[in-house]
Amino acid sequence: MLPSNLLPDFRVRQRDYLLEISRMLTQELDLEKLLARILRVSIEMLAGQAGIIALKQPEGWRVSAAHGIAPAFMSYLTPLLAEEIVSELDVRELNRMLKDLTYTASMGLLNGTGLPLAAQGRIIGVIFIFRNYADLFTPNDRILLQSFADQAAIAVFNAQLYGDVSYEKQRLDALLESAADGILILNAELVIERCNGAFEKLYGLTRDEIVGKKHNEIVHWKKEPQGTTLEESVSSGWPLTPNATLYVEGDIARPLPPHLPVGITYAPLLSSENKLRNVFVSVRDITHFRNADEIKATFISIVSHELRTPVALIKGYASTLRRDDARWDKRTISDSLAVIEDEADRLSKMIDDLLDASRLQAGGLSLNQADVAIPNLALRVIGRFAAQSPKHHLVAEFPPNFPIIIGDETRIEQVMANLVSNSIKYAPSGEIKISGSVRPEQIIVCVSDEGSGIEAKDLPHIFDRFYRSTGAVKQTKGAGLGLYLARAIVEAHGGRIWADASNGSTKPDSGARICFSLPR
């Protein structure tokens with residue numbers, strides 16, 4: 001029982017306490033502040049001196065607020081907090097345990113009571129209140145505290161719910177910002193409400209410049225896309241179901257060129273009345289996929305074209321030699337067989353290049369490292385091509401004592417052969433030189449010719465797979481793989497390869513020079 005001199009004041013303040021907790025329900029969502037106020041009011045309402053609020057967490061019970069009690073006291077509460085159904089504890093037994101507990105802890109607290117915080121049909125916490133005088137907590141005390149605890153439990157539940165909502169919002173924000181694809185969130189009027197960082201980078205405007213704009217102001221198709229646009233779909237009644245996603249592919253305009261090839265997926269969010277509330281827009285840059293399709297188309301075109309010629313020649317000469325109505329002299333037969341052999345070698349070279357390109361795509365070329373004498377390798381390449389091209393004068397120029405390097409001899413010879421073959425193709429005649437120079441940490445090998453040189457617009461692309469300049473397509477044969485493979489082999493050795501528009505001369509049409517470096 002409360003002392004008689006406290007009773008009138010206490011009765012008057014009960015209403016104030018209940019009003020205060022009612023205000024907490026609507027005003028305070030910070031869980032830590034809310035628990036501290038609940039505990040303070042609980043202690044005052046029951047004329048106590050100390051108290052604890054423990055909340056039930058997924059990993060177990062945790063003290064979330066304490067007043068007038070040392071943290072070490074919590075170890076004595078462990079048996080009580082370990083109870084899974086606090087609401088079913090007998091009140092008298094609970095009081096007896098708490099009384100024994102206060103004596104054991106030597107806190108000077110003579111009496112205590114505990115009541116659960118229950119909300120939504122489950123226990124979310126418990127309040128422990130202690131007094132330092134001998135009077136027991138009366139049934140009226142416990143009824144009053146329970147009434148307060150019920151209200152407090154709602155306030156705690158709301159604060160926890162707010163915390164969960166805040167966490168989910170933070171998680172959604174993190175998800176949106178970590179997404180590699182651009183993401184937009186539209187309202188029912190198709191106005192942009194949110195935009196993530198990936199879309200900012202794709203589009204070239206800040207989110208402040210994007211948010212608030214109509215969807216078709218930002219996603220403006222440069223030409224008719226593949227699929228029905230969002231605006232056309234909505235005007236036709238889209239979406240009819242919550243899972244009715246929409247996919248559109250095409251080029252959209254952005255502030256700075258070029259246009260951006262994108263694939264856009266639209267997913268609707270419907271209200272309980274089946275009305276459109278939001279549209280989630282996922283924007284994916286499909287430049288890479290479009291390039292892959294273009295490379296595939298180029299590959300099929302080049303290979304079919306390049307294979308047709310040698311196959312046609314081989315078949316033509318073979319069919320001619322097999323004719324029964326003609327007798328061929330040895331010279332004609334020898335010349336025909338030489339053409340067949342040359343075209344077969346050309347086919348074999350193209351197949352080898354295609355296989356090497358496939359190996360690169362699958363994970364790189366394997367190297368068989370050993371000592372390599374670059375000057376000897378250059379002489380071997382010159383000997384192979386000298387007989388094939390009498391219009392060209394092939395020379396090697398290396399300083400004495402050129403260092404031996406570690407590398408794959410076969411692959412480095414392939415690089416030199418590709419560069420020399422390239423010079424023979426694009427220089428009708430003249431000198432083709434393989435030269436070398438030595439640097440402290442690398443050697444440099446250059447192949448130069450006296451042809452028309454390389455146009456400036458082609459320089460950035462000549463090492464790309466299947467790339468061939470307009471002039472090269474008209475004048476020479478090839479699949480555009482030689483320089484691509486040369487770069488891959490050099491880079492696999494830890495070197496680099498580059499091209500000059502001319503061979504070092506200031507005269508026009510003075511030829512081209514391609515150089516590569518390899519570590520010593």
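Asn-401 lies in the loop that runs between strand S11, residues 392–397, and strand S12, residues 405–407. In this predicted model, the residue has a phi near 60 degrees, a positive value in a residue other than glycine. Asn-401 is exposed, because its relative accessible area is 76% and the cut-off for that class is over 50%.

The next residue along the chain takes us from the surface to the interior, since Phe-402 has a relative accessible area of 9% and therefore counts as buried. To see what aromatic company there is, it helps to look at the structure as a whole, which holds 2 aromatic pairs. One of them is formed by Phe-199 and Tyr-203, whose rings are stacked, with 5.5 Å from centre to centre and 10 degrees between the planes. These two residues both belong to helix H6, which covers residues 197–203, and they stand 4 residues apart, about one turn of the helix. An α-helix has 3.6 residues a turn, so residues three or four places apart point the same way. Phe-199 and Tyr-203 are both buried. Phe-398 and Phe-402 also form an aromatic pair, and this one is edge-to-face, with 5.2 Å between the ring centres and 80 degrees between the planes.

A ring can also have a charged side chain as its partner, and here Arg-496 lies over the face of Trp-498, at 4.2 Å from the ring centre. A little earlier in the sequence is helix H15, residues 482–492, in which Leu-483, Tyr-484, Leu-485, Ala-486, Ala-488, Ile-489 and Val-490 are buried. H15 is followed by Gly-494, a residue with a positive phi near 90 degrees.

A second loop asparagine can be set beside Asn-401. Asn-274 lies in the loop between S8 and strand S9, the latter covering residues 276–285, and it has a positive phi of about 65 degrees although it is not a glycine. Its relative accessibility is 45%, so Asn-274 counts as partly exposed, whereas Asn-401 is exposed, at 76%.

Other loops contain cis peptide bonds. One such bond joins Trp-238 and Pro-239, with omega at about -5 degrees, and Pro-239 has its place in the loop between helix H9, residues 230–235, and strand S7, residues 246–252. Another cis peptide bond joins Pro-257 and Pro-258, where omega is about 5 degrees. Pro-258 is found in the loop that leads from S7 to strand S8, residues 260–270.

We turn now to the cysteines. A search of the whole structure finds 1 disulfide, and its partners are Cys-446 and Cys-515, whose sulfur atoms are 2.0 Å apart. Because Cys-446 lies in strand S14, residues 442–448, while Cys-515 lies in strand S16, residues 513–519, the pair ties together parts that are 69 residues apart in sequence. The torsion about the S-S bond of these two residues is about 110 degrees, so the disulfide is right-handed. Cys-446 and Cys-515 are both buried. Cys-195, too, is buried, with a relative accessible area of 5%.

Toward the beginning of the chain, Ile-53 is found in strand S1, which covers residues 50–57. With a relative accessibility of 0%, this isoleucine counts as buried. Its C-alpha atom is separated by 6.9 Å from that of Leu-39, a residue 14 residues away along the chain.

The last stop is an open space between parts of the protein. Rolling a probe the size of a water molecule over the atoms shows where empty space is left. The second largest pocket has a volume of about 210 Å³, and its lining includes Ser-348, Lys-349, Asp-352, Asp-353 and Asp-356, along with Arg-384, Thr-410 and Arg-411. Also among the lining residues are Glu-413, Gln-414, Ala-417 and Asn-418. Helix H11, residues 330–362, and helix H13, residues 409–426, each supply at least two residues of this lining, and the largest share, 6 residues, comes from H13. By character, the residues that line the second largest pocket divide into 1 nonpolar, 4 polar and 7 charged.

Notes. Residues numbered from 1 in each chain as written. Predicted model: local features only at pLDDT ≥ 70, side-chain atom pairs only at ≥ 80, totals over all residues. Heavy atoms only, no water. Phe/Tyr/Trp six-rings, centres within 6.5 Å; stacked < 30°, edge-to-face > 60°. Buried < 20%, exposed > 50% of the residue type's maximum accessible area, 1.4 Å probe, protein only. Lys NZ or Arg CZ within 6 Å of the ring centre and 35° of its normal. 1 Å grid on protein atoms, 1.4 Å probe; cavity = no way out; pocket = protein on both sides within 12 Å on 5 of 7 lines; lining within 4 Å. Points joined across faces, edges and corners; volume = space filled by probe spheres on them. Nonpolar A, V, L, I, M, F, W, Y, C, P; charged D, E, K, R; others polar. Disulfide = S-S within 2.5 Å.
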